[in-house]
Amino acid sequence: MSQVSIFGQREQGQDVRTQNILAVVALSNIVKTSLGPQGLDKMLVDDIGDVTITNDGATILKQLEVTHPAAKVLVELSQIQDREVGDGTTSVVILAAELLKRGNELIKNNIHATSVMAGYRLALKESVKFISSSLSVKTDSLGREALINAAKTSMSSKILNAESDFFAELAVKAMQNVKTVNYQGQAKYPVRAIHILKTHGMSSKESTLVDGYAIQATRSAQGMPTSMTGAKIACVDFNLNKYRLAMGIQVLVQDPEALDKIRQAEMDVCKQRCQKIIASGANVVLCSRGIDDFALKYFVEAGVIAIRRVPKSDLKRIANNTGAKIVVSLADIDGEESYEPECLGTCERVYEKRVGDWEYLFFEGMSQTRAQTIILRGANDFFLDEVERSLHDSLCVIKRVLESNSVVAGGGSVEVALSVYLDDFARTLGSREQLAVAEFSEALQIIPKVLAMNAAKDATELLAKLRVYHNAAQKSDTSDEKKQALKYSGLELTHGKVRNNLTHGVIEPAMSKVKSMKFATEAAITILRIDDMIRLAAPQQQ
Amino acid sequence: MSISAAHTRQGATMDNEKSKDIRSTNIVAARAVADVVRTSLGPRGMDKMIQDQRGKVLITNDGATILKQMEVIHPTAKMLVEISKAQDIEAGDGTTSVVVIAGALLKACQELMNKGIHPTAISDGFDVALTKAKEIITGMGQPVDLNDRDILIQNCITCLSSKVVSQNSDILAPMAVDAVMRIIDKTDTNVDLRNIKVSMKLGGTVDDSELIDGLVFTNNKVSHFAGGPSRIQDAKVGLIQFCLSAPKTDLENNVVVHDYTAMDRILKEEKKYIVAIVKKIVATGCNVLLIQKSILRDSVNDMALHFLAKKNIMVIKDIEREEVDFICKTVNAVPVPHIDQFTKEKLGTAKLVEEVSAGSQNKIVKVTGCPEQNKRVSILVRGSNQLVLEEAERSLHDALCVVRALVKHRFLVPGGAAVEMEVSQKLQAHSREIFGTDSYCVRHYGECLELIPYTLAENAGLDPITFVTELRNHHIQGSKFDGLNIRKNKIMNMLEDNVVQPSLVSISALTLATECVRMILKIDDIVMTR
């Protein structure tokens, strides 16, 4: 058969599939060793020499500049898991790669790709149903303990493992404090309301949770007070510098006196603005841009704390939390300038404190919502970056548990339970999909397998034992409570045993499991469907 | 003709010999194109991954998109790309089948030419066959009632079944049908798909896609710069095309300041200028302000935003020029080119304008509850990654086109290659009733249509010969609605199983393919000129 002539290369059929899957598996092998509590970290050095040390799948993959288009799909997969769930970014990639590998084997054995995909979809549907019907546990029955345990489980694979008790407590407290109810009456737990500040020095155990907001900034002048109770905060988003005329305006003066007057006028404009802010009753002024030194004088005289160059994002949050309005211009509708007192936000106490080598400004008792700030301490910057990522993951996990209200047992428990269930389910299918469902069930076992392998335990033996337990649980009478409880069996990796992970507090949000399986299957199907790859050559440079 | 080309022609061997060669290279090149898309035909067809010159990756199943992206070189191959595009415009669906049919017809041509039949005669013969084929399809058509929502949805599901998003067809198909039904009158014979605005936003899954009775802005955020509102009920929407910022002097001109009092004046003048505009806007009662993008200067400056926020007016800026028309027609607004023309009558209305979050960081603006009679809707497509998102958008476009095809021509025919098989059978029977070369041509034309059921079965991993022969048998015995049901892997009455497609798709595919083949046949020389 003749080839169609195009500017570029074209590959077809099995070649493409094998090539795609090779790339994907290579990618998953990179992150494989970082899965689970005994997983190891990666050190990544980028092109400008910046070092990142991490255990987080999404971060690793983001830093690798993958070029293969199929591998890119997987990188995006971990990215979306990070955005939607926040945790489980490594396992989702490993699962997708395993599904692809097994799918490809089936196709090589002359099972049509479409049957494989149909089987995978069916298996996914059954799995999701099974998780919600029999594997998940409502958190109402577990209480606050559940939150702490879920946070601890997510930390267990990270650098925070040793101090997980301490940080789990911290994270849960912070998360519960930021609860808000939106206009539809739903409780929301915005992770973004928790501000994480990193300061190196001391040990990670010295990290603290501050009930309020903190920014890394200092008073603009030494003469200002260091603390202020009953603060009235003005958030200003314009320059408090000498007024400069806009482009296209030329200043032409004939005699030197006029020059002086113009200079004076420039300063006067700024002075009036400062005075108007002070006159409104503000005693803390946050400015996102510069404040001239001469202008500071007026603030010092009035005993006002003024801070310049506050990052815009911080300014916005402080404004939201204190009820202040960010003012971009003093102009009012009459063509004059004024600062309206209703733009001021209130806060019980604002004070400056030194933490480590840096000055921090704390805002406590904000009037609108309760913002939380976690100040992380640690030996060095790499450590702090990694702690921040881990903490972020844990916060997301807590949020999911709080919002979805159901958890599942961790440590490979869900995967094995599903695998056993799907194995049985496959045998009830009299079509080609049977094989694909069976492979899906096999593929799920990759998670406990890698977990055990990373912990240097006998994966085969542990897995066999785990399967026996789950089989017993699923075959047993619903009245036999002892056997029913076996369905929460999972791996314990320090000693290499099988135990009830629910009672031992190794739990994950059910929603995160469901989503990661959905994403992984979708990605696998997207790649399996491709049977033709056309690469167009880059246009010739003239 | 250039001199050098004329020269080579003289130097070439006998003209007759050459034109034969040209024809066969043309046919080979065109058939190669058909082979490329053949594997993506039908519900079990595969996807293509295409990496373009800049390294951007595209995954698609849509014939027209594949061919458009492929950049084929051969001029005849380009003709096939063109008919796929034409089918996309005319019917929206069946872009793969049209190319596959053309490829099959070309193969038939080769055989006929080998028999020594003159290309012109073949071309005429195909014309006879086409006329007959159209008659047959029309005869098979079942009338459709546009009020029957279910049957329209079934049509869309058939169209979507071959796409990546096929498992989401229960959401996308009703959406496409409802969208089209909203914008037409029952008596309309055509649909202007421009009245449906399809926007894409990354994040969520395809299941989160929605039909919005009004407008949706995915790229223009509400300006929160000065803390303006993000939710407005009973909105009065104004769209302005002028800038809300201080006018600039021309490049060569300067404002000259001689003393400090003038400085004060400059400060005040700018304020006055903007205050005057804002006051006029407020006076009209407008509470949602859309500002067209301007390349000359900032379309809106800080101070204006500050005033508007104070007056509780929502500001959405950077509206693209092309969007203005759609927006205005949706909310019944009139674009305002200058502040002096901004009056109450120019405002549009909407029940609710709201900024909602889509995903963790993204926000979109929804405008709902627009006046009923405007017949404009928007569809927001979501997807977990860029590739899926774009494919979902293309698939949705196909589904919309299917509904449009049904509005244009209110007949439907069974899917699953039932039409092709029936036409093939009837044409072969017809060929025995006529004489001369036409008879040969019509028979071959009929035979080659069997390639469609053959490919469908092949792509589904079934044994094509068994299925095609069985299907042929069914049709000879008179069950003319029987087709290949890929989901159940058996031959059955497609009308009963609700696998249906608009008859316009089939007719247009056959017409376009035949015309293109006839054109290729008539070429007997290629002359390259510079």
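Which charged end sits over the ring of A:Phe362? Keep that in mind while you look around; the answer comes up on the second stop. One thing before you start clicking: this is a predicted model.

**Stop one: a pair in a helix**

Select A:Phe294 and A:Tyr298 in chain A and show their side chains. Both belong to helix 9, which covers residues 293-302, and being four residues apart there separates them by about one helical turn. Now look at the rings: their centres are 6.4 Å apart and their planes stand at 90 degrees, so this pair is edge-to-face. It belongs to a count of seven aromatic pairs over all chains.

Buried or exposed, what are these two? A:Phe294 is buried, at a relative accessible area of 18%. A:Tyr298 is buried as well, with 13%.

**Stop two: rings on two strands**

Next, pick A:Tyr351 and A:Phe362. Here the aromatic pair is stacked, with 5.2 Å from centre to centre and 15 degrees between the planes. A:Tyr351 is in strand 14 (residues 345-355) of chain A and A:Phe362 is in strand 15 (residues 358-366), so the pair ties together parts that are eleven residues apart in sequence. Try a surface view on each: A:Tyr351 comes out as buried at 11% relative accessibility, and A:Phe362 is buried too, at 2%.

Add A:Tyr360 to your selection. Ring pairs link A:Tyr360 with A:Tyr351 and A:Phe362 into a cluster.

Now bring in two charged side chains. Show A:Lys353, and you have the answer to the opening question: its charged end sits over the ring of A:Phe362, 5.6 Å from the ring centre. Then show A:Arg349, whose charged end sits over the ring of A:Tyr351, 4.1 Å from the centre of that ring.

**Stop three: the largest cavity**

Time to look for empty space. The structure holds seven cavities of 30 Å³ or more, and the largest has a volume of about 90 Å³.

Which residues line the largest cavity? From chain A, select A:Val73, A:Glu76, A:Leu77, A:Ile80, A:Phe519, A:Glu522, A:Ala523 and A:Thr526; from chain B, add B:Ser384, B:Asn385 and B:Val388. To find your bearings, colour helix 3 (69-84) and helix 17 (510-528) of chain A, since each of them supplies at least two residues of this lining.

For a last touch, colour the lining by residue type: six residues are nonpolar, three are polar and two are charged. A:Glu76 and A:Glu522 are both in that lining, so if you want to pick out the charged ones, select those two.

Terms used:
Residues numbered from 1 in each chain as written. Chains lettered and ligands numbered in written order. Predicted model: local features only at pLDDT ≥ 70, side-chain atom pairs only at ≥ 80, totals over all residues. Heavy atoms only, no water. Phe/Tyr/Trp six-rings, centres within 6.5 Å; stacked < 30°, edge-to-face > 60°. Buried < 20%, exposed > 50% of the residue type's maximum accessible area, 1.4 Å probe, protein only. Lys NZ or Arg CZ within 6 Å of the ring centre and 35° of its normal. 1 Å grid on protein atoms, 1.4 Å probe; cavity = no way out; pocket = protein on both sides within 12 Å on 5 of 7 lines; lining within 4 Å. Points joined across faces, edges and corners; volume = space filled by probe spheres on them.
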